[in-house]
Structures are given as structure tokens and as C-alpha cells.
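User: I should like to learn how to read a few features of a protein model. Could we proceed one feature at a time?

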Amino acid sequence: CVASGSNVGAEMSLQPIFIALVLSLSGVAAAGPTPPRGWRLLGPADGPIHAERVTLAIMEVRADFNGDGRADRAFVLAKQTDPHRAGVFVFVSGKDKAPRSEKLDEYPFSSGEFALTSVRKGCYRSAIKKVCLSASGLLRYEIEYGIGTLYWRERGTWKRMPIARGEFAGL
């Protein structure tokens with residue numbers, strides 16, 4: 001009887017950890033910027049997300065996308081009026097003000113296996129293309145198909161370019 005009582009205590013001590021983990025994955029406890037009107041953070045209940053193969057951690061990236069020396073945040077957000085559409089947003093930092101959202105792209109959920117990753121500033125060359133980033137860039141890619149889109153800022157305007165797996169060394 002004493003042994004089973006000690007197991008119950010161990011299970012109860014893990015409950016707060018489990019609850020905190022569930023809340024952080026659902027976005028409830030996440031301290032992120034407020035999504036723009038009509039958009040929301042993705043969560044485990046979103047149909048296109050394959051919970052066993054894609055984690056919510058790869059749907060948020062921090063890097064200096066606008067070159068001001070401050071960390072910005074990029075997210076994949078779900079469209080509230082259409083659960084089959086998503087968008088890539090960057091929340092850029094500003095001097096003494098709240099981050100400003102900038103919509104980079106909107107696309108259908110064609111694969112549940114997608115991710116965001118930052119790309120270091122520098123020049124990248126393929127057999128037919130060359131791109132030079134003056135600040136960090138952002139890569140959204142579909143893991144299953146090996147295709148993606150590279151986003152970067154050039155003179156205050158967001159640019160984008162489709163890319164294929166292995167097209168650019170270093171990406």
C-alpha cells in the first residue's frame with residue numbers, strides 16, 4: 001500500500017509539467033504578438049498539421065529580418081475564415097513601439113509537413129540564380145516535397161523566390 005501511494009505522488013507531481021507543456025503547445029501560454037485581424041496562431045487541432053511529424057516549434061522563427069539589430073519573429077498563421085489557408089507573417093521590431101506585422105505570403109495547406117527556418121545573411125548561388133541577403137532571410141518549405149519559398153527584405157520591400165531542395169548550397 002505504501003508503494004502505490006508513492007506512485008500516486010509521483011504522478012501528481014508530473015501533472016503541472018504536463019499541463020504547462022499542453023498550454024505552451026496550444027499557444028495559450030505563448031507570449032507572442034497579437035495576430036492581425038482574421039488570422040490566428042496554429043494549434044495542434046488544426047487539420048493539416050500531422051502531430052507526430054511536425055511540431056509547432058518550427059512554425060515560429062526568430063531572427064533579424066529587417067537588419068536593425070533587433071530580433072524579429074516570423075510565424076505561420078491560420079486564416080480564421082478558411083481553415084485550409086495559411087499565411088507567413090513577420091513581426092518586425094521597432095524603436096520603442098510594438099512589433100508591426102507584415103504579411104509575406106498566403107497559400108493553401110497542401111502538406112502537413114512544412115517548416116520555417118531562418119537563413120543567414122550572405123550570398124547564395126544556384127546553377128541559374130543568385131540571391132544576396134543583407135539581413136536574415138526566411139525559408140518556408142514543405143518537408144515531404146522538398147520545395148519552398150525564400151523570403152528576404154531588399155530596400156524595405158519583401159521579395160520572394162521559389163526554390164527546390166538542394167538548389168542553393170547552404171540553405
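User: Which hand does the disulfide of Cys123 and Cys132 have, and why?

Analyst: A disulfide is recognised when two cysteine sulfur atoms lie within 2.5 Å. In this predicted model, the sulfur atoms of Cys123 and Cys132 are 2.0 Å apart, so the pair meets that cut-off. The torsion about their S-S bond is about 110 degrees, and the disulfide is therefore right-handed. The count by this rule is one disulfide.

User: Is Cys132 buried, exposed or partly exposed, and why?

Analyst: A residue is buried under 20% relative accessible area and exposed over 50%, with partly exposed in between. Cys132 has a relative accessible area of 37%, so it is partly exposed.

User: Where does Gly148 lie, and is Gly148 buried or exposed?

Analyst: Gly148 belongs to strand 10, which spans residues 147–154. Its relative accessible area is 12%, and Gly148 is therefore buried.

User: Which residues does Gly148 touch, leaving aside those up to four places away in sequence?

Analyst: With that exclusion, Gly148 touches Arg140, Tyr141, Met161, Pro162 and Ile163. Phe114 is 34 residues from Gly148 in sequence, while their C-alpha atoms are 8.9 Å apart in space.

User: What lines the second largest pocket?

Analyst: The lining consists of 13 residues, and Leu139, Ile163, Ala164, Arg165 and Gly166 lie nearest the centre of the pocket. Strand 9 (137–142), strand 10 and strand 11 (157–164) each supply at least two lining residues. By type, the lining comprises eight nonpolar, three polar and two charged residues. The space in this second largest pocket is about 170 Å³.

Definitions and conventions:
Residues are numbered from 1 along each chain as its sequence is written. This is a predicted model: local features need pLDDT of at least 70, side-chain atom pairs count only at pLDDT 80 or more; totals for chains, interfaces and linings use all residues. Side-chain values use heavy atoms; hydrogens and water are left out. Buried means under 20% relative accessible area, exposed over 50%, partly exposed in between (1.4 Å probe, protein chains only). Helices (H or I, at least four residues) and strands (E, at least two) are DSSP runs, numbered from the N terminus. Contact means heavy atoms within 4.5 Å. On a 1 Å grid over the protein atoms alone, a cavity is a set of points where a 1.4 Å probe fits but cannot get out, and a pocket is an open set with protein on both sides within 12 Å along at least five of seven lines; lining residues have an atom within 4 Å of a point. Grid points are joined across faces, edges and corners, and a volume is the space filled by probe spheres set on the points. Ala, Val, Leu, Ile, Met, Phe, Trp, Tyr, Cys and Pro count as nonpolar, Asp, Glu, Lys and Arg as charged, and the others, Gly among them, as polar.
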